[in-house]
Amino acid sequence: MRKRFPVLHNLGHRGKKEYIPWEVIAPHEAQAHKNHGQSLERLAARGGLSYREMYAVLRDKEFDSWNRSDFEDIFYEFAVWSGGRGGAAMEQMTIQQAITVVRDELLMHGDLYAGFRASISSTLKEIPAGMGLYDIAEKILDGMIGEETV
């Protein structure tokens, strides 16, 4: 079996353990050490990296626990390592799988939940008096996906 690097999930995660091929993350070890102060071997032994942490490492970017400008891309680009009969293969997540991941993360009231709450809160602070409910809903959604509305 090829060496794999684990995806770290929040406590209470009920899905199967997910991995990416070691050779995908290995070239980014310097960034992982810069972001987390540990080697890939040590990070793997401690459970791996979350989707957001791994995304930052794979993009050779500093990790910000909630970087909305990068966050939109995670579930569209992140390939999950899944083991199958007779070997393993890279699979692109479907939108339905991504929605399930987001829903499960939100239900845990962890970092993702806090990020969405902060995004909604900051958008609500910018709502002018007298704005209609439909326009408020649209402004909140646009803020969550990183679109600026006029």
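What should the twelve residues of helix 8 (residues 133-144) span at 1.5 Å a residue, and how far apart are its end C-alpha atoms? In this predicted model, the expected span of helix 8 is 16 Å and its end C-alpha atoms are 17 Å apart, which agrees. Buried positions in helix 8 comprise I136, K139, I140, D142 and G143. These residues cover an arc of only 165° around the axis, and therefore lie on the same side of helix 8. L133 and Y134, on the other side of helix 8, are exposed.

Helix 6 (residues 95-107) was examined in the like manner. Its 13 residues reach 18 Å from the first C-alpha to the last, close to the 18 Å expected at 1.5 Å a residue. A98, V101, V102 and E105 are the buried residues of helix 6. Viewed down the helix axis, they fall within an arc of 95°, so they line one face of helix 6. On the other side of this helix, Q96, I99, R103 and L107 are exposed. Just after helix 6, a positive phi of about 55° is found at H109.

Confidence varies among the elements of the chain. The chain has a mean pLDDT of 75, with 73% of its residues at 70 or more. Helix 2 (residues 29-36) has the highest mean pLDDT among the elements, 93, whereas strand 3 (residues 79-84) has the lowest, 42. The pLDDT is below 50 over residues 79-90. Beyond near neighbours in sequence, this stretch has 26 contacts in the model.

Conventions: Residues numbered from 1 in each chain as written. Predicted model: local features only at pLDDT ≥ 70, side-chain atom pairs only at ≥ 80, totals over all residues. Heavy atoms only, no water. pLDDT = per-residue confidence, 0-100. Helix = DSSP H or I, 4+ residues; strand = E, 2+ residues; numbered from the N terminus. Contact = heavy atoms within 4.5 Å. Expected span 1.5 Å × (residues − 1). Buried < 20%, exposed > 50% of the residue type's maximum accessible area, 1.4 Å probe, protein only. Arc of directions from axis to C-beta.
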